[in-house]
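User: Hi! Could you walk me through some side-chain interactions in this protein?

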Amino acid sequence: MAKERARARGKAGAASDPARRASDRGKYGRLSRERVLTVALELVDREGLSTLSMRRLGAELGVEAMALYRYAAGKDALLDGLVEALYLELEERLSEDSGTPTAAEDAWRSELHRIARATYDVCLAHPQAVPLLATRMLAVPLARRPLAVLRDHERVLALLREAGFDQARAASAFRAFTAWLLGYVSVELRPMVDNPEETDPAFRMGLHRLSPQELPTLRETASALAEHGGPEGLTAGLDALLDRFARE
């Protein structure tokens with residue numbers, strides 16, 4: 001009798017939990033969190049963030065949308081998972097490239113440059129997902145961020161403390177480093193071309209849409225703004241920032 005009640009409870013639980021009923025064996029085989037996030041990132045890379053939904057991702061994986069709730073509790077959790085995937089890729093890049101040995105007194109600065117460049121490369125590889133690095137960090141408290149994100153915070157802060165920065169100065173430098181890095185990437189990825197089919201640079205940029213009376217300086221500088229600063233610009237700005245904190 002007790003066994004029958006247990007079986008009945010199990011059936012009732014399965015009936016009340018659609019995610020438990022939905023098969024997680026799709027066209028890539030049985031799902032895993034890593035597989036779900038990898039395909040989600042590939043989908044965003046290809047079609048943009050606006051297309052991402054549990055239903056669309058399920059179709060991409062060849063499973064019912066409900067099967068995905070085993071790996072992400074909802075759309076917000078899936079977006080946080082994409083941030084996690086970006087930072088895991090950052091960790092992978094850093095582990096593959098250990099950098100060039102430098103003098104002990106400059107090691108912390110060299111390592112921050114290496115982290116910044118690796119982050120820049122990850123962002124340029126996944127430009128459609130980059131907005132999440134700002135929007136999800138605004139929505140998720142520190143302690144609830146993915147572990148890969150927290151390990152990045154720890155990595156940067158530890159370098160600053162090892163360089164002799166006290167707690168307050170390390171916190172200030174960490175904020176400045178993060179703001180410069182993510183801000184620089186956001187400016188690099190900002191769309192500037194109005195009509196890609198145009199061969200004339202002015203019309204390609206859409207400068208005819210900018211009022212020469214109201215926006216003379218912007219119109220004059222727009223072509224220069226459209227040029228990417230690249231890693232060199234990232235490095236120059238980071239050095240200026242670190243020089244400021246190193247002098248304190």
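User: Happy to start at the surface: in which helix is the place of L225?

Analyst: Good place to begin, and please keep in mind that this is a predicted model. L225 joins L215 and L218 in a nonpolar patch on the surface, where the three have about 250 Å² of accessible area together. As for its place in the chain, L225 belongs to residues 216-226, which make up helix 11.

User: Thanks! Is E84 buried or exposed?

Analyst: E84 sits in helix 5, residues 75-96. Beyond its neighbours within four places in sequence, E84 is in contact with R33, L37, P146 and A148. Its relative accessible area is 18%, and the cut-off for buried is under 20%. E84 is therefore buried.

User: What is the length of the polar contact that joins the side chains of E84 and R33?

Analyst: R33 is among the residues in contact with E84. Their side chains are joined by a polar contact, and its length is 2.4 Å.

User: On to the rings: how does the pair of Y120 and Y184 count, stacked or tilted?

Analyst: The structure holds three aromatic pairs. In the pair of Y120 and Y184, the ring centres are 6.2 Å apart and the planes stand at 45°. Planes under 30 degrees apart would count as stacked and over 60 as edge-to-face, so this pair is tilted.

User: Which parts of the chain does that pair tie together, and which residues form the aromatic cluster?

Analyst: Y120 is in helix 6 (residues 107-125) and Y184 in helix 9 (residues 167-189), so the pair ties together parts 64 residues apart in sequence. Both tyrosines, Y120 and Y184, are buried. The aromatic cluster is formed by Y120, W180 and Y184.

User: Which residues are joined with E60 into one salt-bridge network?

Analyst: E60 forms a salt bridge with R46, with the closest N and O atoms 2.8 Å apart; this pair links helix 4 (residues 54-61) with helix 3 (residues 33-47). E60 also pairs with R56, here with the closest N and O atoms 3.1 Å apart, and R56 and E60 both lie in helix 4, about one turn of the helix apart. Through shared partners, the network joins E60 with R46, E47 and R56.

User: Last one: how far apart in sequence are E91 and R155?

Analyst: These two form a salt bridge, with the closest N and O atoms 3.7 Å apart. E91 counts as buried at 18% relative accessibility, whereas R155 is partly exposed at 24%. E91 lies in helix 5 and R155 in helix 8 (residues 147-162), and their separation in sequence is 64 residues.

Notes:
Residues numbered from 1 in each chain as written. Predicted model: local features only at pLDDT ≥ 70, side-chain atom pairs only at ≥ 80, totals over all residues. Heavy atoms only, no water. Patch = residues over 30% accessible without salt bridge, like charges linked within 9 Å, V, L, I, M, F, W, Y side chains within 5 Å. Areas by Shrake-Rupley, 256 points an atom, 1.4 Å probe, with all protein chains shown as cover. Salt bridge = Lys/Arg side-chain N within 4 Å of Asp/Glu carboxyl O. Helix = DSSP H or I, 4+ residues; strand = E, 2+ residues; numbered from the N terminus. Buried < 20%, exposed > 50% of the residue type's maximum accessible area, 1.4 Å probe, protein only. Polar contact = N/O pair within 3.5 Å; in protein donor to acceptor, adjacent residues only side chain to side chain. Contact = heavy atoms within 4.5 Å. Phe/Tyr/Trp six-rings, centres within 6.5 Å; stacked < 30°, edge-to-face > 60°.
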